Every structure is written in C-alpha cells, then in structure tokens.
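Let's take a walk through this structure together. Have the sequence and the 3D view open side by side, and follow along at your own pace.

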Amino acid sequence: MKVAQKVAIVTGGGGGIGGAIADRLADRGATVLVADLDPTAAAAVADRINERLPGSALAEGADVADTEQIRRIIERAETELGPVDLYFANAGVAGAPGLDADEPDWDLAFDVNIRAHIRAARQLVPKWVERGEGYFVSTASAAGLLTQIGSATYAVTKHAAVAFSEWLSVTYGDKGIRVSCLCPMGVETTLMRSGENSGDPLGAAATRAVVSAGDVLQPEQVADIVLGAVDRETFLILPHESVLTMYRQKGSDYDRWLRGMRRYQNSLLEHCDPR
C-alpha cells in the first residue's frame with residue numbers, strides 16, 4: 001500500500017515509535033490523527049508535523065483501550081480527514097516484573113497491549129471489507145515471538161498481539177485487508193527503560209537483556225522500516241534481523257532454548273544491582 005493521500009490513525013503517537021511513525025506517514029503524503037493517553041504529547045507531535053506540512057495532522061487525547069474512545073477518534077478522523085485507511089495499534093505498557101503483578105496490572109496489560117487491537121479491528125475491519133481495502137499494523141515486540149525476561153504481563157500480552165495479527169491476516173487477507181505485525185527488540189524509548197527504573201532486579205534484568213542482545217535502534221529508524229514494510233505489505237516486521245534467527249532456534253529445539261534462556265536470565269541477574 002502506498003500511504004500518499006491515505007488517512008492514518010497512530011495510537012501511542014505522542015512519542016517513541018508512534019510519534020516517529022506519524023512523522024514518516026506525513027512525510028510520505030498521508031494525513032494522520034495522532035492519538036495518545038497524554039493529550040499534550042499528542043498535540044506536540046501533531047504541531048511538529050503541521051509546522052512543516054500544514055494540515056497534515058490532528059491530535060486527540062484518548063485511552064485507546066476504551067471502545068467508546070476508539071470510536072471517537074475514528075469518527076473524528078473520518079469527519080475531518082476522510083475514511084481511515086491505516087490503523088497503527090502502537091500504544092503499549094510494560095507491566096510489573098515477576099509474579100508480583102496483581103489483577104489490575106494484568107487487566108491493564110491485556111487492555112492496552114491486545115484488547116485495544118481487537119476493539120479497534122471490530123470497528124474498522126467491517127468497513128474495510130465493504131471498501132475492499134484497509135491496513136492494520138500491530139506493534140507487538142520481539143517478546144511476542146520469543147519471551148520477555150522479567151514481565152510476565154508483557155510477554156503474555158505481546159504473544160497475544162502476534163496471534164491476533166496472524167488471525168486477522170488469515171481471516172481477512174483475501175478480502176483486501178492487509179496486516180503487519182511489528183516485533184522490534186531494543187528501541188530507545190521510555191518503555192524500554194522502564195525496567196531499569198523499577199527498583200526490581202527482574203525489571204533491571206529485562207532492560208539489560210534488551211540492550212545487550214543487539215543494537216538499540218532509534219524510533220526514527222524503526223519508523224522507516226515500518227513504512228517500507230507497509231509499502232511491500234510484509235506481515236512480520238523485524239527491525240532486528242537477529243530476532244528471526246533466535247525465533248528459528250526456539251522452534252527447532254524448544255527445551256534447549258528454554259534452558260538457554262534460564263542460563264541467560266541467571267547471568268543477567270548476577271550483574272543487576274538489587275538496590
């Protein structure tokens with residue numbers, strides 16, 4: 001899909017990967033609604049876009065895990081920009097490390113990291129099927145293909161995001177609906193650094209695992225890769241090529257991979273300051 005002249009919604013667009021994707025979409029001729037839980041952050045991204053490309057962006061403060069607020073941002077985009085062509089389900093939360101995550105932690109992770117995708121798809125996909133075209137891009141994580149040291153809520157919900165993207169593609173791919181699933185490893189964002197600031201050894205180990213496993217990319221680098229994949233209509237977007245190698249190793253001998261992950265986790269914990 002060529003994004004020029006298309007209308008896109010980017011959730012979690014107030015910074016990080018989402019903000020960079022919104023910038024790149026506008027640079028390539030799309031109009032964008034930037035949605036974020038933080039309305040000030042969303043407005044800052046939209047203002048930055050409009051300074052160089054007047055009229056290319058709107059901002060909306062919204063909890064994009066809430067069905068009614070998803071409906072509101074879709075309706076605003078349709079009213080002010082036109083029918084929505086692309087939806088980037090990019091908002092995400094990290095989650096508490098270990099089994100200390102309580103029921104509200106789990107609920108939040110499921111709501112933001114996977115139910116938000118489902119709720120948006122319910123509203124968009126029927127319209128796209130009628131039109132014969134639409135594009136859903138899910139930001140999952142390498143943790144959704146492998147796992148996440150530290151946060152069970154993150155690992156489990158990102159696996160679910162990958163699974164839902166696969167299902168969407170299988171079910172609607174022959175009806176004009178394109179789906180991509182972004183699974184990056186280390187990207188320099190606030191979310192990536194949340195573990196090392198948690199005060200928990202497992203949280204610190206989680207961040208250390210990501211930053212030591214490969215290059216930490218800038219959000220702008222990831223956005224360029226995402227837009228290239230959308231242009232090619234590629235399902236699995238892997239900014240870190242090593243993730244594919246690790247995924248294949250995991251599938252070829254699951255027990256060996258689990259043993260290796262336990263050893264890796266132990267080595268990380270040895271180097272993490274528990275304070």
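A residue is called buried when its relative accessible area is under 20%, exposed when it is over 50%, and partly exposed in between, using a 1.4 Å probe and protein chains only. What you see is a predicted model, in which local features need pLDDT of at least 70 and side-chain atom pairs count only at pLDDT 80 or more, while totals for chains, interfaces and linings use all residues. Residues are numbered from 1 along each chain as its sequence is written, and side-chain values use heavy atoms, with hydrogens and water left out.

Let's begin with the sheet. Helices (H or I, at least four residues) and strands (E, at least two) are DSSP runs, numbered from the N terminus. Two strands count as paired if DSSP finds at least two bridges between them. Seven strands form an open sheet here, in the order β3-β2-β1-β4-β5-β6-β7, and their pairing is parallel. At the edges stand β3 and β7 (236-237), each with a single partner strand, so one side of each has no neighbour in the sheet.

Now move across this sheet, beginning with β2 and β3. These two strands pair in the parallel sense over five bridges, and Asp 36 has Gly 61 in β3 as its bridge partner. Together with helix α2 (residues 39-52), β2 and β3 make a right-handed β-α-β unit. Right-handed has a precise sense: with the strands pointing away from the viewer, the path from the first strand over the helix to the second runs clockwise.

Next come β1 and β4, a parallel pair with three bridges. Val 10 finds its bridge partner, Phe 88, in β4. In β1 you can also pick out Thr 11. With a relative accessible area of 2%, Thr 11 is buried. Contact means heavy atoms within 4.5 Å. Not counting residues up to four places away in sequence, Thr 11 touches Ala 35, Val 64, Tyr 87, Phe 88, Ala 89, Asn 90 and Ala 91. A polar contact is a pair of N or O atoms within 3.5 Å; within protein, one must be able to donate a hydrogen and the other to accept it, and residues adjacent in sequence count only if both atoms are side-chain atoms. A polar atom of the Thr 11 side chain lies 3.1 Å from the backbone nitrogen of Ala 91.

Let's step on to β5. Strand β4 (residues 86-89) runs parallel to β5 and is joined to it by four bridges. Between them the chain passes through helix α4 (residues 103-131), in a right-handed β-α-β crossover. Ala 89 has Ser 138 in β5 as its bridge partner. On the other pairing, six bridges join β5 to the parallel strand β6 (residues 177-182). Helix α5 (residues 152-172) completes a right-handed β-α-β unit with β5 and β6.

How many of the six residues of β5 are buried? Six of six are, and both faces are covered, with Gly 134, Phe 136 and Ser 138 on one side and Tyr 135, Val 137 and Thr 139 on the other. Thr 139 belongs to β5, which spans residues 134-139, and has a relative accessible area of 8%. Opposite Thr 139, in β6, stands Leu 182. Leaving aside neighbours within four places in sequence, the contacts of Thr 139 are Ala 89, Asn 90, His 117, Lys 158 and Leu 182.

Finally, look at helix α3 (residues 67-80). Its 14 residues reach 20 Å from first C-alpha to last, close to the 20 Å expected at 1.5 Å a residue; the expected span is 1.5 Å times one less than the number of residues. Buried residues in α3 include Ile 70, Ile 73, Ile 74 and Ala 77. They cover an arc of only 100° around the axis, which puts them on the same side of α3; the arc is that of the directions from the helix axis to the C-beta atoms. The buried residues of α3 pack against β1 (7-11), β2 (31-36), β3 (57-61), β4 and α4. Glu 68 and Thr 79 are exposed, on the face of α3 turned away from its buried side. At the start of α3, a side-chain oxygen of Asp 66 comes to within 3.1 Å of the backbone nitrogen of Glu 68.
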